[in-house]
Amino acid sequence: MLAARLFRRALPVLRQARSYADAASGAPQMSFTFASPTQVFFREASVKQVDVPTLTGVFGILPAHVPTLQVLRPGVVTVFNDDGSSAKYFVSSGSVTVNADSSVQLLAEEAVPLDQLDVTAARANLEKAQSELVGTADEAVRAEVQISIEANEAIVKALE
Amino acid sequence: MFARTSALVFSPQCGQVRNMATLKDITIRLKSIKNIQKITKSMKMVAAAKYARAEKQLKPARVYGTGALALYEKADIKAPEDKVAKHLIVGVTSDRGLCGAIHSGVAKTIKNEIANLTGSGKEVMVINVGDKLRGLLHRTHGKHILLNCKEVGRKPPNFSDASVIATELLTSGYEFDQGSVIFNRFRSVISYKTDQKPLFSNDTVSSSENMGVYDDIDADVLRNYQEFALVNVIYLALKESSTSEQSARMTAMDSASKNASEMIDKLTLTFNRTRQAVITKELIEIISGAAAL
């Protein structure tokens, strides 16, 4: 009975400590949505960190990141889950939005898990695109070929 | 006697006197309605298959589309009422009919919007995605039409279709301040609703007050982001519209088949009655002929 009384007195302290812990981790929870037009990879999921390749460089986004808008470049997106595991995806292009309430929307025009890409096919495409670039002089075609080169280079670099 | 013959001559034209339908007329009608019922049943099957596929593709498209619009909702971006002079409306339907009130719903909403906006002195231009919408709008609101898109609805829409539409819109040279996409949002197999999603111009977004919260955005990044968001909204509208259209066509063809089977039942009864009447007439003729001997 003494133990029970002690327990009862100790409990409120424990409860108080528990509520403090909730308040601290409640605010910066990242609600992460990662989708392509045909597939949803993450939908308002809670993750630890996301690395995205943008036109201005590779961003690491954590909960409570400052709000920003960015445009993606072909490259690898790495998602670090709460339990420590990570998943890599290759994205072609798109946009990423970090809002003030710590929600992140990563919308990619095309996104595939990295293990579905074949490095030999990527190298072959890269060589073909590079030879095409030398051959043409038309501006629009050159721009398309350069996009293809950039994407294939990124794939090859990601898979090596 | 003259008057009677002239009345007999005129009666088919005024159509109020109908002769008793012969067996052959009823048979022809019955056969044609049965054929029509076969056609509507098969159209319903086709629409059901297309609907199942469209609904499956709609799920990720919805997450994608709402993600694209999240910025505008969270930053609460609204076009300033006074400065907005040029409006853009993108109406999304398709090329094919026999799907209930799909096209007329969107056309009605667009006509109301045009009336409201021109009433308050604003300039409106419309982009038609789908031939049916063009047919409904070009007679009365022809001068508001900016672009027409054909060959919509035959195959399920994909992202490149949306990007073609967005590219044509951006290169058309019409600098709009505020816009909206009007489409049919899919709610369930039997219901859809005409809905609007907003489009904002680069100026509106960059001068909105909440945008200051967003860090380090230069004009180039914002322009690229806006273009991508535009394509995403159009993509969402295309997907929702195609799912609503297939479900509406399924429902419409189903009711058509049911109506046809009702007509077949009624006509079969009439046919049997007529057949019995013909037999009775023949018997009477025979019997009265025999009695006369």
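A: A residue counts as partly exposed when its relative accessible area lies between the buried class, under 20%, and the exposed class, over 50%. The model discussed here is predicted. K74(B), at 39% relative accessible area, is therefore partly exposed.

Q: What kind of contact do the side chains of K74(B) and D101(A) make?
A: They form a salt bridge, with an N to O distance of 3.3 Å. The partner D101(A) is partly exposed too, with a relative accessible area of 45%.

Q: How many salt bridges does the rule find over all chains, and how many across the interface of chain A and chain B?
A: The count over all chains is 10. Here is where the pair of K74(B) and D101(A) sits: it crosses between chains, from helix α2 (residues 23-74) of chain B to the loop between β7 and β8 of chain A. Across the interface of chain A and chain B, one salt bridge is found.

Q: Which elements of chain A give two or more residues to the side that touches chain B?
A: They are the strands β1 (31-36), β2 (39-54), β4 (68-72), β7 (94-98) and β8 (103-108) of chain A. The largest share, five residues, comes from β7(A). By residue class, the side of chain A that touches chain B divides into 13 nonpolar, 12 polar and three charged residues.

Q: How is the size of an interface often given?
A: The general idea is the accessible area that is lost when the parts come together. In this model, chain A and chain B bury about 2000 Å² between them, and 71% of that area is on carbon and sulfur atoms. On the chain A side, the residues that lose the most area to chain B are P37(A), L69(A) and L107(A), which together make up 32% of what that side buries.

Q: How many residues does the contact take from each of chain A and chain B?
A: Chain A contributes 28 residues and chain B contributes 23. Polar contacts between the two chains can be counted as well: there are five such residue pairs, with both residues at pLDDT 80 or more.

Q: What is the secondary structure of chain A?
A: Chain A has three helices and nine strands. Read along the sequence, these follow the pattern α-β-β-β-β-β-β-β-β-β-α-α. Of the 160 residues of chain A, 37% count as buried. Sequence separation gives another view of the chain: among contacts in chain A with a separation of 6 or more, 50% are between residues 24 or more positions apart.

Q: Which salt bridges can be read within chain B?
A: One of them joins the side chains of R154(B) and E151(B), at 3.2 Å from N to O. E151(B) is exposed, because its relative accessible area is 53%. Another joins E227(B) and R223(B), at 3.4 Å from N to O.

Q: Why are E227(B) and R223(B) separated by about one helical turn?
A: Both residues lie in helix α7 (residues 219-292) of chain B and are four residues apart, so about one helical turn separates them. E227(B) is partly exposed at 30% relative accessibility, and R223(B) is partly exposed at 38%. Salt bridges may also share partners: K44(B), D254(B) and K258(B) are joined in this way into one network.

Q: What is a disulfide, and how many does the structure hold?
A: In general, a disulfide is a covalent bond between the sulfur atoms of two cysteines. The structure holds zero disulfides over all chains. C99(B) is in none, and the nearest cysteine sulfur, that of C149(B), is 17 Å away.

Q: Why is the sulfur of C149(B) not in a bond with that of C99(B)?
A: The two sulfurs are 17 Å apart, which is too far for a bond; the cut-off is 2.5 Å. Each cysteine is nonetheless buried: C99(B) has 2% relative accessibility, and C149(B) has a relative accessible area of 16%.

Q: Is T204(B) buried or exposed, and in which helix is its place?
A: T204(B) is buried, with a relative accessible area of 8%. The residue belongs to helix α6 (residues 202-206) of chain B.

Q: Which residues is T204(B) in contact with, leaving aside its neighbours within four places in sequence?
A: The contacts are I77(B), K78(B), A79(B), P80(B) and D177(B). In addition, the side chains of T204(B) and S201(B) are joined by a polar contact of 2.8 Å.

Technical notes: Residues numbered from 1 in each chain as written. Chains lettered and ligands numbered in written order. Predicted model: local features only at pLDDT ≥ 70, side-chain atom pairs only at ≥ 80, totals over all residues. Heavy atoms only, no water. Buried < 20%, exposed > 50% of the residue type's maximum accessible area, 1.4 Å probe, protein only. Contact = heavy atoms within 4.5 Å. Buried area = accessible area lost by both parts, 1.4 Å probe. Salt bridge = Lys/Arg side-chain N within 4 Å of Asp/Glu carboxyl O. Polar contact = N/O pair within 3.5 Å; in protein donor to acceptor, adjacent residues only side chain to side chain. Nonpolar A, V, L, I, M, F, W, Y, C, P; charged D, E, K, R; others polar.
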